[in-house]
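User: Could you walk me through this structure with a few questions and answers? I work at the bench, so plain wording is welcome.

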Amino acid sequence: MTTRAAADGDRASASSTAYACVEALYVYPVKSCAGVRVSDLRFDADGRIVGDREWIVVDARGELAWLGSHSKLALLQPKLLADALLLRAQGQQPLRLSREAEGDVTQALIWHAEERRMVIYPGRDAGAVAAQFLREVTGEDLRLVKLERPSMLATAPNALHAVSTGSVVELNEHLAAHRHDRVDVRRLRPNLVLRGLQEALVPFVEEHLLQLVWRDGEGWWRRMTYASACERCIVPNVDPDTGEVSPGVDAAISELSAQRWPGEASRFGVYLQPPPGGSLGEGTVLTMELDF
């Protein structure tokens, strides 16, 4: 298959349009923890999703704790309120924290992909009570950290992750053919799930997006542009309901990816760059400009 990069020079002549609808929207208030389904996404002046991945969890060494190595983080269910972050988990009393950074100044070590090393980023520790909450849910010594704004922008360069229902169906058919359980879209941790209008979308059509265009709730025309492919790791193996690891999902993703993009890193879904300001609501009809 020809890569997007190889086709860059021919996009204008080869582009086509199609239509899709917003099936579901998610935000992840705490990186690596459960997502929250919402009725709309709001974008700030930097083109970031408001309330998405503003908080992180770090281990005893101060390193970012990710779902691939701390699968029980999936059981932590954050909820954003107007002035607070509410932490919930089965069997635990909810914990309410201010959305403002009020704790002690701390540092978090986060892997920098381009520099290929751990980089120190400033933030504020959420305190001992939040740490105890995490310990009771996961059984591990972890700390909750609110990132400073520059740190959040630097450590989450991919503003919005999108997948289509057609791609999820294709993945589940592959899993079933290899005697694995089907999975729901939450395994893939998207912000935006696209579906077709009258007909189902072609599997992996999102990989050919140039941009999405829609009219928001205030009547303004908005657009999101393609940023990059979403390379996959072992995170889709984590069951979002139990925090247990189910091997095989990552392998299925890799096998399907190799069919479309031989010799390249495993991918599923794409990263898009939202507009500065505006919103996107569930049920919104979008125009897709595609590179085929």
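**Buried and exposed spots**

Analyst: Happy to! R53 has a relative accessible area of 15% and counts as buried (buried is under 20%, exposed over 50%, partly exposed in between, with a 1.4 Å probe and protein chains only). This is a predicted model, where local features need pLDDT of at least 70, side-chain atom pairs count only at pLDDT 80 or more, and totals for chains, interfaces and linings use all residues. Residues are numbered from 1 along each chain as its sequence is written, and side-chain values use heavy atoms, leaving out hydrogens and water.

User: Is R179 buried or exposed?

Analyst: R179 sits in the loop between α5 (165–177) and β12 (helices, H or I, have at least four residues and strands, E, at least two, as DSSP runs numbered from the N terminus). Its phi is near 60°, a positive value in a residue other than glycine. With 82% relative accessibility, R179 is exposed.

User: Which strand supplies the largest share of the largest nonpolar core?

Analyst: That core has 24 residues, L192 and L212 among those with the most contacts inside it. A nonpolar core is a set of buried Ala, Val, Leu, Ile, Met, Phe, Trp, Tyr and Cys residues joined through side-chain atoms within 4.5 Å. Strands supplying at least two residues each include β11 (160–164) and β1 (16–27). The largest share, 4 residues, comes from β1.

User: What is the relative accessible area of V285?

Analyst: V285 lies in strand β17. This residue is partly exposed, and its relative accessible area is 44%.
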